[in-house]
Amino acid sequence: MDGAGRAAAGHPGAPAGRPAAGRHRCPCLGALSGHEGEVWPVTPEGERLLREGLASLELDLTADMEQAFGRLLDLLQEGNRRLNLTALKSEADIVLKHFVDSATCLRGGYLKGPLRVVDLGTGAGFPALPLAILRPGLTLTPVDSIRKKIDFVRATAQALELPNVTPLVGRAETLAREPAHRARYDRVVVRAVAALPVLVELALPLLRVGGLLVAQKGPIEADELEAGGRAAHEVGGRVVDVDPFALPILGDGRTLVTVEKTRPTPERYPRREGIPAQQPLFWDAK
Ligand SMILES: C[S@@+](CC[C@H](N)C(=O)[O-])C[C@H]1O[C@@H](n2cnc3c(N)ncnc32)[C@H](O)[C@@H]1O
């Protein structure tokens, strides 16, 4: 959408004639973020990729969402310069491989409704921050063991005025032993953290019975899936969906693996910090 189109869509501070590319001032965003004179960082090409990528997931991009993604892009690029948060630096990479890729965990409809969701190993906030923008009804707890990443996610959620995001520093193995977190969540989402047998040991203890782990993976080999299924059974669950698909626009292979928690996790799981990844259940770590 160009500037005029955005104004027609109800974006109150939109400039009528938008530059073909590059940064420009957005009074609306300045008011929203509390940063008067802040810039709107998405180029028309970035906006097109975001809109088309989300559309292929049957998601509409509202003016508010577009602003929030623009601000997120800006904060991520700025945070990257200071903190080296993510390997992806260009606008197109961030839009497609962070924003749209994060949105793919909405496939299958497992994240509908007012659910309590942990994002395990969120890093710089993925998929949690895009989910918080796209699904304001979710209550999101992004978790990571690295404090500087969680500090960034917290500051970013505040700048974007996302009240549904409560980041937490910690290791999943330890949080899952605390009464405030064990068996307390409806969903765990996870992207790019570990092999499936590791993920189920870390995630299922956090879920209530009936809750779901939604794991974003690349193409998954049969042996990892088989070990993941056995590990899921061991910690109180079963694989209920394996959904291979292509990342919108780029076509990279992805798989969304969904695991249901069917009974309480035995007390001995998760094992102590580091052990699930060092000695994965039913799986030779490679
Ligand atoms: C490769 S990054 C992926 C970050 C993000 N999910 C993404 O897709 O961009 C993996 C993250 O998981 C975190 N992590 C790994 N094991 C963890 C654990 N047991 N508990 C909490 N965080 C963990 C790491 O600190 C790291 O930030």
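Strands S8 and S9 pair in the antiparallel sense over nine bridges; two strands count as paired if DSSP finds at least two bridges between them. The strands and helices named here are DSSP runs numbered from the N terminus, with at least four residues for a helix (H or I) and at least two for a strand (E). Within the S8 and S9 pair, aspartate 241 sits opposite threonine 258 in S9. The two strands make a hairpin with six residues between them. Isoleucine 249 is in that loop between S8 and S9, and its phi is near 70 degrees, a positive value in a residue other than glycine. Isoleucine 249 is partly exposed because it has 16 other C-beta atoms within 10 Å. For that label, 20 or more other C-beta atoms within 10 Å of a residue's own make it buried, 12 or fewer make it exposed, and anything in between is partly exposed, with C-beta atoms placed from the backbone.

Before going further, keep in mind that this is a predicted model, where local features need pLDDT of at least 70, side-chain atom pairs count only at pLDDT 80 or more, and totals for chains, interfaces and linings use all residues. Residues are numbered from 1 along each chain as its sequence is written.

Now zoom out from the hairpin to the sheet. Seven strands form an open sheet with mixed pairing, in the order S5-S4-S3-S6-S7-S9-S8. Strand S5 (168-169) and strand S8 (237-246) are at the edges with a single partner strand each, so one side of each has no neighbour in the sheet. Moving in from S8, strand S9 (residues 253-261) also pairs with strand S7 (residues 207-217), in the antiparallel sense over six bridges. There, leucine 212 faces glutamate 260 in S9. Over at the S5 edge, strand S4 (residues 139-144) runs parallel to S5 and is joined to it by two bridges, with aspartate 144 opposite valine 169 in S5.

Strand S4 also takes us to the ligand. S4 and helix H8 (172-175) each supply at least two residues of the shell around the ligand. The shell has 16 residues, the closest being Gly121, Gly123, Phe126, Arg191 and Ala192; a residue is near a molecule if its C-beta atom, placed from the backbone, lies within 6 Å of it. By class, the shell divides into seven nonpolar, four polar and five charged residues. Here Ala, Val, Leu, Ile, Met, Phe, Trp, Tyr, Cys and Pro are nonpolar, Asp, Glu, Lys and Arg are charged, and the others, Gly among them, are polar.

The unreviewed UniProt entry lists Gly121, Phe126, Ala172, Glu173 and Arg191 under "binding site". Take two of these. Alanine 172 is in helix H8 and counts as buried because 28 other C-beta atoms lie within 10 Å. Leaving out residues up to four places away in sequence, alanine 172 touches Leu120, Val143, Leu202 and Pro270; contact takes C-beta atoms, placed from the backbone, within 7 Å. Arginine 191 belongs to strand S6 (residues 185-191), and with 22 C-beta neighbours inside 10 Å it is buried too. With the same sequence neighbours left out, arginine 191 touches Ser102, Phe126, Pro127 and Gln216.

Those contact lists lead to two cis peptide bonds. Phenylalanine 126 and proline 127 are joined by a cis peptide bond with omega about 10 degrees, and proline 127 is in the loop between strand S3 (116-120) and H6. From tyrosine 269 to proline 270 the peptide bond is cis as well, with omega near 0 degrees.

Last comes the domain layout. An automatic or database domain assignment sets the bounds, and the chain is divided into domain 1 (23-97) and domain 2 (104-278). Across the boundary, 20 residues of domain 1 are in contact with 18 residues of domain 2. On the side of domain 1 that touches domain 2, helix H2 (27-33), helix H3 (44-55) and helix H4 (63-83) each supply at least two residues. H4 gives the largest share of that side, nine residues. Helix H5 (residues 91-103) has buried residues including Ile94, Phe99 and Ser102. The buried residues of H5 pack against H3, H4, helix H6 (128-134) and S6.

Notes. UniProt positions are given in the numbering used here, feature names are shortened, and annotations may be inferred rather than shown by experiment. Two residues are in contact if their C-beta atoms, placed from the backbone, lie within 7 Å.
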